[in-house]
Amino acid sequence: AGPTTGCSRAEVALPSTTLDTTARTAARRRIDAMRARGTTAMAEGLRLGVLEVMNHHDPAGINRVVLLGDGVPNERAGIEDTAASAGARGVTITALGLGLDYDETLMGAIAQRSGGRFHYVEDSSAVAQLFREEVLRMERVVARNAVAVLTPGPGVEVQNVVGVEATRTDAGIVISLGDVTEGAARDLIVRMKAPSRRNGASVELLDVSLGYDDAVAGAGHVERRTFLGARASSSADERATGRNEDVERTAARAQLAAGTLAAIRDARTGDVAQAQAHLDSVLDAARECARRDRDGELERRVASLRGLRGALPSVAPSTTAPEAAPAAAVRVAHSEALSALSGE
């Protein structure tokens, strides 16, 4: 979808069509004729793009929208709702942020709420390669429309799922995971609070169901279930032996990524001091975890964020012309944090 002549509105330049030689030629002509005029009508453009896919939705196929954004939308209202609605209908959105002027927080939320992916594109020359990679990724999809539902046990409170868009419903806490590619791994770090139990008592923590559409054998909708439990103990030594270092490392990395996104989001709203304080706290906690667990990868990730604190003011609303280096540092940190949370 592109803007119409003389106004900041969006239109469908080429309706959904099956690509053959003739259709490809017509599509290229339409693309070559596109001109950007006015401001960025992202809300309407995204809505029209999602509508095209929904109108031609193929339950047995891959239904995807690719959103390329290089600016801040003239109206944010409804954009995240459109993304969430698309995800609920089995349409995922790949969001590509181009250059230094786009709103990385919004573009990341669009991808997350639809169960899609986000990529930072530093230069327009890299767009074609990312499109090729996205097409190859779609060819490796083994499960479509994956959704996890978490149901806490009696008295157990799920405080949050770290860095992930989750919806609380009567059925439980619903997390859209979108399409799953061959060999991919996705970790969900769930923070829970349980009431005190007597020593030795069994604690029912969480029922987890994962539903998805089989994209390999054509088995239709498949559902898998598992249950997580624990045993209460008053012994500090026994609790220490129950630690899982791999889980703790994964949780520390996820919390660093989620904290990075939160700091950037705070800066985007104009509260730079709060953003920097939040980032300081997150980095201190990550350093302590890296030291305690001798986690070299976490140390590397902390070191890579060393310059983010000073770069945060570059995305504040009051900054009219951010310098390229600080703004790029924010974009890179944001992209790496989202990739860490999505298992890429």
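## Reading exposure, strands, cores and cavities

Me: Asn-145 counts as partly exposed, at 24% relative accessibility. What bounds define partly exposed?

Reply: Buried means under 20% relative accessible area, exposed means over 50%, and partly exposed is the range in between, with a 1.4 Å probe and protein chains only. The structure is a predicted model, in which local features need pLDDT of at least 70 and side-chain atom pairs count only at pLDDT 80 or more, while totals for chains, interfaces and linings use all residues. Residues are numbered from 1 along each chain as its sequence is written, and side-chain values use heavy atoms, leaving out hydrogens and water.

Me: Where is Asn-145 found?

Reply: Helices and strands here are DSSP runs numbered from the N terminus (H or I over at least four residues for a helix, E over at least two for a strand). Asn-145 belongs to strand β6, residues 141-152. Its phi is near 55°, a positive value in a residue other than glycine.

Me: Which loop holds Arg-294, which also has a positive phi?

Reply: Arg-294 lies in the loop between α8 (272-293) and α9 (296-304). Its phi is about 50°, and it is not a glycine either. Arg-294 is exposed, with a relative accessible area of 76%.

Me: What is the order of the strands in the open sheet?

Reply: Strands of a sheet pair through backbone hydrogen bonds, either parallel or antiparallel. Two strands are taken as paired if DSSP finds at least two bridges between them. In this open sheet of 5 strands the order is β8-β9-β6-β11-β12, with antiparallel pairing. The edge strands, each pairing on one side only, are β8 (167-169) and β12 (221-231). On average, neighbouring strands of the sheet are turned by 25° against each other, direction ignored. Axes are lines fitted to C-alpha atoms, for helices over the stretch in contact, and angles run from 0 to 180 degrees between N-to-C directions.

Me: How many bridges join β8 to β9?

Reply: There are 3 bridges between β8 and β9 (residues 172-181), and the two strands run antiparallel. They form a hairpin with 2 residues between them. Thr-169 stands opposite Gly-172, and Thr-167 stands opposite Val-174. β9 also pairs with β6, in the antiparallel sense, over 7 bridges. There, Ala-146 has Gly-178 of β9 as its bridge partner.

Me: How many residues of β9 are buried?

Reply: β9 is mostly covered, with 7 of its 10 residues buried.

Me: Which residues touch the most other members of the largest nonpolar core?

Reply: In soluble globular proteins, nonpolar side chains tend to be buried together. A nonpolar core is a set of buried Ala, Val, Leu, Ile, Met, Phe, Trp, Tyr and Cys residues joined through side-chain atoms within 4.5 Å. The largest one here has 32 residues, of which Leu-46, Ile-93, Met-107, Ile-110 and Phe-118 touch the most other members. Elements giving two or more residues to this core include α2 (42-55), β3 (64-69), α4 (104-114) and α11 (324-342). α2 gives the most, with 6 residues.

Me: Which residues is Leu-46 in contact with, leaving aside its neighbours within four places in sequence?

Reply: Contact means heavy atoms within 4.5 Å. With those neighbours left aside, Leu-46 is in contact with Val-65, Leu-67, Ile-79, Thr-82, Ile-93 and Ile-110. Apart from the largest core lies another, of 21 residues, among them Leu-256, Ala-311, Val-315 and Ala-333.

Me: Is Ala-263 of helix α7 buried or exposed?

Reply: Ala-263 is buried, at 0% relative accessibility. Neighbours within four places aside, it is in contact with Ala-275, Leu-279 and Leu-312.

Me: How many cavities of 30 Å³ or more does a search of the whole structure find?

Reply: On a 1 Å grid over the protein atoms alone, a cavity is a set of points where a 1.4 Å probe fits but cannot get out; a pocket is an open set with protein on both sides within 12 Å along at least five of seven lines, and lining residues have an atom within 4 Å of a point. Grid points are joined across faces, edges and corners, and a volume is the space filled by probe spheres set on the points. The search finds 1 such cavity. The largest cavity holds about 170 Å³ of space. Of its 17 lining residues, Gln-112, Gly-116, Arg-117, Arg-186 and Ser-342 are the closest to its centre. α11 supplies the largest share of this lining, 4 residues.
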